[in-house]
Amino acid sequence: MTTKLVGAPVARSEDPRLLRGEGRYVDDLGQDAYEVAVVRSPHAHARIERIDLDAALEVDGLISIYIFEDLPQRLQEPLPLLIPHPAISHGRTQYVLANGEVNHVGEAIALVVAEDRYAAEDAVERILVEYEPLPAVVGPELARDAEHAVHDDIPSNVAAHLEQTIGDAPSAIADAPHRLSFRLDIERSASTPMETRGTYARWDADDQRLRLYSSTQAPTSVRAAVAAYLELDLAQVECIAPDIGGGFGVKIMHPWPEEILVPWVAKVLGHDVKFTEDRREHFVSANHERSQVQWIEVGFDDDGRILGLDVEFVHDHGAYIPYGLIVPIITSTQLIGPYKLENYRVTFDSVYTNTTPVTPYRGAGRPQGCFAMERTIDRVAAHLGKDRTEVRAVNFLQPEELPYDFGLMFQDGRAYRYDSGDFPGSLAALKELVDWDGFAQRRAAAQAEGRLLGIGMAAYVEGTGVGPYEGGHVLVEPNGTVQVSTGLSTQGQGHQTSFAQIAADELGVDVADVKVVTGDTRRFPYAVGTFASRAAVMSGNAIHLAARKVREKALRIASEALEVDAQDLELAEGQVRVKGSPDTAIDLNVVATMSNPLRYAFDEAARIATQFAQPGDPDAPPVADDDAPGLEATDYYSPTQSTFANGMHAVEVEVDPDTSDITVQRYAVVHDCGTLLNPTIVKGQVLGGVAQGVGGALYERMAYDEHGQLQNASFMDFLMPYATEVPSVDIDHLETPSPLNPLGIKGAGEAGVIPGSAAIAAAIEDATGITIDAMPITPSQLHDRRLAAASSTS
């Protein structure tokens with residue numbers, strides 16, 4: 001009997017090739033292509049007075065230089081606002097090359113094309129740009145104060161204002177027995193994948209077709225954007241995402257200026273053209289996230305039950321707003337977490353600043369929301385002198401209350417409605433995993449040795465699997481190979497393995513016989529993209545549905561061939577066979593051959609499908625009206641709403657009493673993503689997320705000065721956790737299957753990063769007694785706060 005594969009810890013099939021150095025990334029392609037370099041603004045805000053190209057024109061190997069005025073009319077239009085929203089009153093997006101003004105350091109001004117990157121960079125250095133510097137607006141509060149404007153026609157700097165409510169939060173707070181109000185800050189960070197952005201384009205003048213390779217999370221959308229801006233038919237453009245060295249959200253942004261300019265130049269010049277971003281460019285030109293200032297007011301009763309919660313925050317979206325309000329909307333809704341809030345008001349302004357634009361980075365607004373809610377719970381517990389887990393428990397939604405509709409609108413424009421979960425069960429599992437009740441004894445032992453130990457926890461709910469759709473195609477080859485394709489791309493999530501498990505389970509074949517292709521519009525032209533922990537939910541279910549169609553067709557064909565009722569057949573071990581009588585069987589590859597009526601036999605195996613080999617009804621067509629040749633099917637999965645994964649993290653930290661150095665000693669995770677497709681892959685996703693969560697809590701900060709200059713735009717200065725800083729992680733899983741999709745799965749890609757800052761802040765506060773209301777926090781910042789607290793009490 002074929003072993004069930006969904007839920008099994010199948011080893012990732014893609015890893016051996018990548019570990020051998022056989023990955024195929026954008027910069028590995030197009031070795032004979034012209035290469036591109038970009039002149040970028042050194043100013044955060046300035047008018048462009050003059051561009052002098054004369055010295056650059058003397059560089060050997062130079063092919064061409066383009067500035068805004070050289071572009072055709074269509075390319076002189078702003079890039080799209082990808083996700084419009086009614087609340088956006090003043091939407092602005094950038095041009096592919098600056099149109100008379102630059103609004104952040106790193107904005108593209110001129111494109112240089114040369115025979116190689118060396119010549120292109122030499123030419124960039126010789127281009128003289130004269131600027132009239134303008135006042136820079138840096139930070140969300142200065143933006144809202146609006147002493148200066150980022151865009152002249154938006155004097156308030158506010159792109160959007162949005163409010164959502166449940167009940168009457170102000171009245172509930174006013175009537176509550178206890179009230180607290182405070183401010184929380186999360187600073188700006190960024191994705192920083194190993195592979196930066198890259199684009200390679202090839203124009204075939206004879207076929208009038210463009211092939212584009214891009215390090216993107218949304219190849220079908222890049223294809224559509226390029227076709228629109230280059231005024232080509234969609235059928236003329238192919239977009240392929242080869243191996244991608246990490247994305248974490250920054251590569252869902254599209255089209256980048258280079259994704260439009262590179263294929264345009266390739267078409268104009270009739271020569272392959274390639275752009276590979278360098279690391280400095282990535283810091284200042286690839287989008288950031290996280291920066292928000294949040295004000296909380298909460299009312300609660302003697303048990304810690306939240307009676308009303310009022311949240312106001314300012315979201316810094318940088319110089320432009322290409323991705324709409326997705327990040328702040330996610331914060332405003334996902335902030336609620338696993339709690340039952342009957343009176344809630346959230347209001348935000350999304351503001352322009354003269355900094356790199358903001359689009360989703362792994363977590364996408366959820367870490368900020370989790371920080372707000374979980375710090376609120378901790379303050380309520382401290383105010384009442386209660387155990388923090390007790391206050392959480394009294395506020396939980398109960399399993400029998402799910403599904404639960406909050407009456408809010410989520411980021412996909414659909415109802416904010418939780419589908420499944422067991423939050424009390426998760427808390428019980430977490431307390432056992434981290435030995436929460438035994439911590440007091442561990443702390444006492446540490447104090448006896450002069451050590452400062454603290455414990456914290458944080459809970460979250462993550463909306464995953466947002467629509468509108470994804471598709472899957474499944475084909476059984478006559479040689480027995482199963483070909484699977486889906487349109488979204490892969491950046492290390494293990495799709496080749498998990499999608500193969502789904503298809504292999506449905507078709508009863510060895511997982512090694514399933515070949516998966518993602519992110520290639522030649523194989524699957526319609527898709528949305530890889531983001532919001534949606535690939536397994538969306539493409540996984542689409543592949544499942546397509547494989548089920550193939551299964552049904554295989555059963556029908558085998559039923560006719562074996563003269564057995566289809567209900568008496570099963571697919572197992574690469575065969576269609578009679579249940580309980582496996583010797584009566586037909587190989588699946590033979591069924592694939594039989595599914596395609598042939599006139600010509602190309603080999604011995606094909607003879608069975610030719611016109612004289614099989615008796616048939618002479619009055620029926622070889623291919624029925626409701627059928628098609630081949631053992632293959634395409635299907636799509638389109639949900640009515642998001643699925644909602646959830647989890648809880650607990651962390652123990654030690655703070656050095658002399659230096660305030662912070663060490664994460666213990667980390668525990670309980671995670672519920674519904675049906676586990678592959679526990680090993682899910683574990684990898686959680687571990688990677690935890691590493692980024694630790695980074696966001698203790699290390700990663702995009703440090704701008706008052707002039708809009710990024711002070712740490714290199715890996716020398718921008719800190720990230722090494723393996724030595726990432727703790728070992730204990731993981732436990734709950735499985736509460738989603739009722740919304742056939743596989744019962746919920747997403748897992750972003751879960752590990754969401755509660756990191758909240759849990760670590762709680763642990764540091766517990767260890768030191770110092771209120772932690774801003775993240776990330778460094779040892780020097782913590783030390784200064786400890787000294788200030790000590791001096792105020794002395």
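## Pairing of strands 22 and 23

In this predicted model, Val-484 has Val-516, a residue of strand 23, as its bridge partner. Strand 23 pairs with strand 22, which spans residues 482-486. The two strands run in the parallel sense, and five bridges join them.

## The four-stranded sheet

Strands 22 and 23 belong to an open sheet of four strands, arranged in the order 23-22-21-27. The pairing within this sheet is mixed. Strand 23 (514-518) and strand 27 (632-637) each have a single partner strand, so they form the edges and one side of each lacks a neighbour in the sheet. From one strand to the next, the twist averages 15°.

## Helices lying across the sheet

Two helices may be described in relation to these strands. Helix 13, made up of residues 495-507, lies across strand 21 (470-476), strand 22 and strand 23. Its direction is at about 130° to strand 23.

Helix 14 covers residues 535-562 and lies across strand 21, strand 22 and strand 27. Relative to strand 27, helix 14 runs at about 145°.

## Nonpolar cores

The largest nonpolar core contains 114 residues. Within this core, Leu-309, Tyr-344 and Tyr-418 touch the most other members. Leaving aside residues up to four places away in sequence, the contacts of Leu-309 include Ala-169, Ile-173, Ile-296, Val-298, Leu-335, Leu-341, Tyr-344 and Met-373. Glu-297, Asn-343, Arg-345 and Thr-376 are also among the residues that Leu-309 touches.

Another core, of 46 residues, lies apart from the largest one. Among its members are Val-476, Ala-500, Ala-535 and Ala-554.

Definitions and conventions: Residues are numbered from 1 along each chain as its sequence is written. This is a predicted model: local features need pLDDT of at least 70, side-chain atom pairs count only at pLDDT 80 or more; totals for chains, interfaces and linings use all residues. Side-chain values use heavy atoms; hydrogens and water are left out. A nonpolar core is a set of buried Ala, Val, Leu, Ile, Met, Phe, Trp, Tyr and Cys residues joined through side-chain atoms within 4.5 Å. Buried means under 20% relative accessible area, exposed over 50%, partly exposed in between (1.4 Å probe, protein chains only). Contact means heavy atoms within 4.5 Å. Two strands pair if DSSP finds at least two bridges between them. Axes are lines fitted to C-alpha atoms, for helices over the stretch in contact, and angles run from 0 to 180 degrees between N-to-C directions.
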